[in-house]
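Some words used for protein structures rest on numerical cut-offs. The questions and answers here set values against those cut-offs, one word at a time.

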Amino acid sequence: MASSNGGVVGVDNPPTDQPEVITTFNASGNLTTAPYTTSVQYVIVAGGGGGDRGGAGSGGGGAGGYRSSVPGEASGGGASAESLSPVSGATVYPVVVGAGGLGAQLSGTTPALQGSNSSFNGIVSTGGGGAAFVPNPQNSRNGGSGGGSSYSNSGGAGTSGQGYPGGNATLNGGGGGGGGAAQAGFGPPTPAPQQRGWDGGDGVASSITGSPVYRAGGGGGCGRFTNNGIQGIGGLGGGANGSNPVDSPNPGGTANTGGGGGGTDIGNPPFSPVPAGPGGSGVVIIKEPNAGFKCSGVWDMNALYDNVKAGTWTS
C-alpha cells in the first residue's frame, strides 16, 4: 500500500536537518565532517615565534601565520579572505596545531626558535619568526610574521598572505617588536630614544565563532640593562609584552592565539638567567555551514526487494 508520501511505495524517508557546526582545535586531532558538508570556512593560525634574550635590547617574536576563508574577513598580511576549502561529507581530515617557539635561552648561543606550522586539508600556516639574537648582527628569523630585531639589524620578513615583518633595532635603541598578522612590528626612529622596547604588530580579528576575537599579535621588545620604565607592548591577538623589569621572566604569547613571545634582557651583573618568552601555540577553527534539510532519496526497487525478502518492509 502506498504511504502518504505522494505515492511512493514503502516507508517514508524523513528529511534530516544538518545544522551549522563549528569545531575549534586547540591541539592536533581529526575532523570528521558532517554527512552533507561539501565546503568549510576556516581560520588557521600557526605557533608564534619566541622572543630574544640579549644585552642591548631584545626583540619580540613574530606572530604565527594567519589564514582565513571567512567571507568578508581578512587573512594575514593584508590579504583578503581565501576560498572555502572543498571537502567530502562524513570524511576524516587530520588537523595540525603548531606549537609556539621557545624564547632564547642564553644570550648569543641558544637563539629564539620559530613557531611550528598549523595545517588542515593542504592549507598550511607558517610558524612565526623567532627574534634575532645578539651579538650576532643577523636578520631576525622569517616566518608567518617576522621576528623583531635585537641589537642593530633589521626585522624578519613575513609570509605573503599570512603576516607582516618584524621591527628593526638600533644599537642601544631597544629591541623591535614582532610582526603581527595585521600590522608590522615597530622599531626605533632615527635618532632613536635610548634603551626602550618597541611594540609588536596587531593581529586580525575574526567572528568565525561568534563575537570578534583577535589572534596572531606580535611580541613586544624590551630595553637594555637598567631601563625598566618603557616596555614594548604585545600586539592585539596574544602577543606578549616585553619584560619589565627587563631581566624578569616573560610569560610568552597567549596559548592558542599564535601570539609572539616577549623580549627579555640579561640586565646588570650578575646577569639574569631567565629565558625570553616563548610564542603562543596556534589554533585551527573549522565552520561547516548549515546544509538545510536533506533526504536520502526514495527507495529503489532493489532496496524494496531486499527488504521484502528479509521481512523488514513496512508500508
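What follows is a short exchange about salt bridges, burial and contacts in this chain.

This is a predicted model, in which local features need pLDDT of at least 70 and side-chain atom pairs count only at pLDDT 80 or more, while totals for chains, interfaces and linings use all residues. Residues are numbered from 1 along each chain as its sequence is written, and side-chain values use heavy atoms, with hydrogens and water left out.

Q: Why is the pair Glu20 and Lys287 called a salt bridge?
A: A salt bridge requires a side-chain nitrogen of Lys or Arg within 4 Å of a carboxyl oxygen of Asp or Glu. The closest N and O atoms of Glu20 and Lys287 are 3.6 Å apart, so the pair meets that limit. The two residues come from distant parts of the chain, 267 residues apart, with Glu20 in the loop between strand E1 (16–18) and strand E2 (21–25) and Lys287 in strand E14 (residues 283–288).

Q: What makes Lys287 count as buried or exposed?
A: Buried means under 20% relative accessible area, exposed means over 50%, and partly exposed lies in between, with a 1.4 Å probe and protein chains only. Lys287 has 17% relative accessibility, and therefore counts as buried. Its partner Glu20, with a relative accessible area of 43%, is partly exposed.

Q: How do you know that Glu82 and Arg67 form a salt bridge?
A: Their side chains meet at 2.8 Å, N to O, and by the rule the count comes to two salt bridges. Glu82 sits in the loop between strand E6 (66–68) and strand E7 (85–86), whereas Arg67 is in strand E6, 15 residues apart. Because its relative accessibility is 22%, Glu82 counts as partly exposed.

Q: Why is Ser118 called buried?
A: Ser118 has 0% relative accessibility, and so counts as buried. Its place is in strand E9 (residues 118–120), a strand being a DSSP run (E) of at least two residues, numbered from the N terminus.

Q: What makes the approach of Ser118 to Gly98 a polar contact?
A: A polar contact is a pair of N or O atoms within 3.5 Å; within protein, one must be able to donate a hydrogen and the other to accept it, and residues adjacent in sequence count only if both atoms are side-chain atoms. The backbone nitrogen of Gly98 lies 2.8 Å from a polar atom of the side chain of Ser118.

Q: Which residues is Ser118 in contact with, leaving aside its neighbours within four places in sequence?
A: Contact means heavy atoms within 4.5 Å, and the residues in contact with Ser118 include Ile44, Val97, Ile123 and Val284.

Methods: Helix = DSSP H or I, 4+ residues; strand = E, 2+ residues; numbered from the N terminus.
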